[in-house]
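Me: I've got a structure here that I haven't looked at before. Can you walk me through it?

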Amino acid sequence: MLIIFGFKRTMKILFIRSGSCPRCRVAGPHQVLEQTGKLTVFFIPVSTTRRRYYSECLNCGERTQLSRRQKDALAAV
Ligand SMILES: [Zn+2]
């Protein structure tokens, strides 16, 4: 029996917030992104293997990693 499995990585925008960027020092919009890694069997996602959060400056593209707690704190504001 042949079983085809693999990994798939997806990125989605959770929300957009305003903040100041540590790189370009412009106060503007930042998008909060969620990256998930999924285990696939026959190209169908069956379980999430990892989840990471990022904040990306829309002015310069600087991306910083966030913890889940930081992401929740930003979403509550
Ligand atoms: Zn920036």
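Reply: Sure, here is a quick chat through the fold, the sheet and the overall form of this predicted model.

Me: What's the secondary structure made of?
Reply: The protein has 1 helix and 4 strands. Going along the sequence, the pattern is β-β-β-β-α, and helix 1 covers residues 68-76.

Me: How are the strands arranged?
Reply: They make an open sheet of 4 strands in the order 1-2-3-4, and the pairing is antiparallel.

Me: Which strands stand at the edges?
Reply: Strand 1 (5-20) and strand 4 (63-66) do. Each has a single partner strand, so one side of each has no neighbour in the sheet.

Me: And what's the twist like?
Reply: From one strand to the next, the twist averages 30°.

Me: Let's zoom in. How many bridges join strand 2 and strand 3?
Reply: There are 12 bridges, with strand 2 running over residues 27-41 and strand 3 over residues 44-57. For one pair you can look up, Q35 has R52 in strand 3 as its bridge partner.

Me: How many for strand 3 and strand 4?
Reply: Those two pair over 4 bridges, again in the antiparallel sense. Here E56 stands opposite R63 in strand 4.

Me: What links strand 3 to strand 4?
Reply: They form a hairpin, with 5 residues between them. In that turn, G61 has a positive phi of about 85°.

Me: Why do strands pair up at all?
Reply: Strands of a sheet pair through backbone hydrogen bonds, either parallel or antiparallel.

Me: Switching topic: what's the overall form?
Reply: A compact globule of 77 residues would have a radius of gyration near 11 Å, whereas this protein has 16 Å. Along the principal axes, its C-alpha atoms fill a box of roughly 55 × 25 × 15 Å.

Me: How many of the residues count as buried?
Reply: Just 4% of the 77 residues do.

Me: What about contacts between residues far apart in sequence?
Reply: Take the contacts with a separation of 6 or more: 46% of them join residues 24 or more positions apart.

Me: Last thing, what's the confidence?
Reply: The average pLDDT is 94, and 100% of the residues score at least 70.

Me: Where is it lowest, and where is it highest?
Reply: Helix 1 is lowest, at a mean of 93, while strand 4 is highest, at 96.

Definitions and conventions: Residues numbered from 1 in each chain as written. Predicted model: local features only at pLDDT ≥ 70, side-chain atom pairs only at ≥ 80, totals over all residues. Pairing = 2+ DSSP bridges. Axes fitted to C-alpha atoms, helices over the stretch in contact; angles between N-to-C directions. pLDDT = per-residue confidence, 0-100. Rg over C-alpha atoms; globule rule 2.2 N^0.38 Å. Buried ≥ 20, exposed ≤ 12 C-beta atoms within 10 Å, placed from the backbone. Contact = placed C-beta atoms within 7 Å.
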